[in-house]
Amino acid sequence: MRAELPAVVGGGIVGLATALALQKKLGLPVVVLEAEPRVASHQTGHNSGVIHSGLYYKPGSLKARLCAEGREAMFAFCREHGIVAERCGKLVVAVDEAEAARLGELEERGRANGLAGVKRIGPAEMRAIEPAVGGIAALHVPETGKTDFIKVAEAMAADIRAGGGEVRTGARFIGAKVEAGSVAIETTAGRVDAQLLVNCAGLQCDRVARRCGVTPPIRIIPFRGEYWHLAEPSASLVRHMIYPVPDPRFPFLGVHFLRHLDNEVTAGPNAIPGMSRGGYGRFSFSLRDSFSMASYPGFWRLALGHPVKGLQEIFRSLSRRATARALRRLVPAVRAADLSYHGCGIRAQAVFPDGRLADDFVIEEGERMVHVLNAPSPGATASLAIGSYIAELAAKRS
């Protein structure tokens, strides 16, 4: 590989979108280095498929801006590539007066983030959209959509190859260092010499950064998000998407309902610490990943700061009835008997040493390197905008 070509570590949707943007901006082919046998093997391939509106994020933050830009870019990309993407909208449902009071702030945030269609509605309008929903008030967010991000990632990989770039699967990153005006990257598939390295390794991004000689300001704590499948008659109670009013102390949105493109209905996710960064079995365990988490002071400061919330999430993970009780706050007629375990995703959540959760995208620059250190949800939605943002950084360096 010639040293004048950029390299991206990570073949998830953020890495692929970044490679596409780099090819377009720099006019050079890009090599993508993916450890797994196929692209989209981790966060991209295990999420809900929601194209997020940008309702929740702090106005002016990188996450708010790139989610808004990325949402529209994602709909356009899907149209251009013949991928189904439905702008179906969602309800954010308040079940009591305290939650109803928070809807006003959410609506203001949404409008500040460019959501012209967001609107507070009452019980009659709520039930015209979702007849089985409970609650006393809601926000209708018509800009929210859904797609299949695996198909999107595969289309991105095809575009990279069509533009002269390369997507190398089975190329696990070993290490990198700057030498002789380029970045020498060692992988299990051989050495790559590149003018620029972009770390989009998701669940492994902090480790990749350290193997590049960088000390990242965060550590990745994997959070499992488990989903439940709804069988009939409960499945027929959900038309589109039904969300709770989120707890402002956490970046997680709470358990919610989604009717997928194939009409399957799921509910979830919860948010519990994962014992493996890449194990999707219900009881997957990695000694290395568990030790990394348990030895990090930031994890314990986070856990001890929110003990009740953490125990509630774990209990719901183990109890179908507890999950059903949480879901009935939104849709009262849901039956526990209609729930079955569906699977999980693993969120790469950056945590600071003092226990704070990174609530914005974290992108760090170094010598001939850019490290994406926090880009969980809405990372898939924002991926094309994140890629363009990184390409602008790269263009300034070239």
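1. Strands here are DSSP runs of E at least two residues long, helices are runs of H or I of at least four residues, and both are numbered from the N terminus. With that settled, a friendly reminder that this is a predicted model. The points below go through the sheets, the helix packing, the empty space and a few backbone details.

2. Let me start with the six-stranded sheet. This sheet is open, its strands follow the order 9-2-1-13-21-20, and the pairing is mixed. Strand 9 (166-168) and strand 20 (362-366) each have a single partner strand, so each is an edge strand with one side left without a neighbour in the sheet. From one strand to the next, the twist averages 15°.

3. At the strand 9 edge, strand 2 and strand 9 run parallel and are joined by three bridges. If you would like a residue pair to look at, Val31 has Glu166 in strand 9 as its bridge partner. Helix 1 (residues 13-26) packs on this sheet and touches strand 1 (6-9), strand 2, strand 9 and strand 13 (196-199). The direction of helix 1 makes about 170° with that of strand 1.

4. There is also an open sheet of three strands, in the order 3-8-4, with antiparallel pairing. Strand 3 (50-51) and strand 4 (85-86) stand at its edges; each has a single partner strand, so one side of each lacks a neighbour in the sheet. Two bridges hold the antiparallel pairing of strand 4 with strand 8 (residues 145-147). Within this part of the sheet, Glu86 stands opposite Lys146 of strand 8.

5. Next, helix 2 and its partners. Helix 2 (residues 62-80) and helix 11 have axes that come within 6 Å and cross at roughly 105°. That crossing makes the two helices roughly perpendicular, since angles of 65 to 115 degrees fall in that class. The helix 2 side of the contact includes Leu62, Leu66, Gly70, Ala73 and Phe77, and the helix 11 side includes Ala380, Leu384, Ile386 and Tyr389. By class, the contact of helix 2 with helix 11 has twelve nonpolar, three polar and three charged residues.

6. Helix 2 also meets helix 5 (residues 149-162), with axes that come within 11 Å and a crossing of roughly 70°. Helix 2 and helix 5 are therefore roughly perpendicular as well. From helix 2 come Met74, Phe77 and Cys78, which meet Phe149, Val152, Ala155, Met156 and Asp159 of helix 5. This contact has seven nonpolar residues, no polar ones and one that is charged. Two residues are worth selecting in your viewer: Met74 and Phe77 belong to the contact with helix 5 and also to the contact with helix 11.

7. How much space lies in the second largest pocket? Its volume is about 430 Å³. The lining has 22 residues, and Gly45, Asn47, Ser48, Gly49 and His260 are the closest to the centre. Strand 8, helix 5 and strand 19 (339-351) each supply at least two lining residues. Strand 19 gives the most, with four. The whole lining divides into six nonpolar, twelve polar and four charged residues. Strand 8 and helix 5 thus tie this pocket to the sheet of point 4 and the helix contact of point 6.

8. Enclosed space is brief to report: the count is one cavity of 30 Å³ or more. The largest cavity has a volume of about 30 Å³. Its lining consists of Glu226, Trp228, Val255, Gly268, Pro269, Asn270, Arg316 and Thr323. Three of these are nonpolar, three polar and two charged.

9. Which backbone details deserve a look in the viewer? The peptide bond from Glu232 to Pro233 is cis, with omega near 10°, and Pro233 sits in the loop between strand 14 (219-230) and strand 15 (241-244). The peptide bond from Ser377 to Pro378 is also cis, with omega near 10°. Pro378 is in the loop that leads from strand 21 (369-374) to helix 11 (379-397). Lastly, Ala40 has a positive phi of about 60° although it is not a glycine. Ala40 is placed in the loop between strand 2 (31-33) and strand 3.

Notes:
Residues numbered from 1 in each chain as written. Predicted model: local features only at pLDDT ≥ 70, side-chain atom pairs only at ≥ 80, totals over all residues. Heavy atoms only, no water. Axes fitted to C-alpha atoms, helices over the stretch in contact; angles between N-to-C directions. Parallel < 35°, antiparallel > 145°, perpendicular 65-115°, else oblique. Contact = heavy atoms within 4.5 Å. Nonpolar A, V, L, I, M, F, W, Y, C, P; charged D, E, K, R; others polar. Pairing = 2+ DSSP bridges. 1 Å grid on protein atoms, 1.4 Å probe; cavity = no way out; pocket = protein on both sides within 12 Å on 5 of 7 lines; lining within 4 Å. Points joined across faces, edges and corners; volume = space filled by probe spheres on them.
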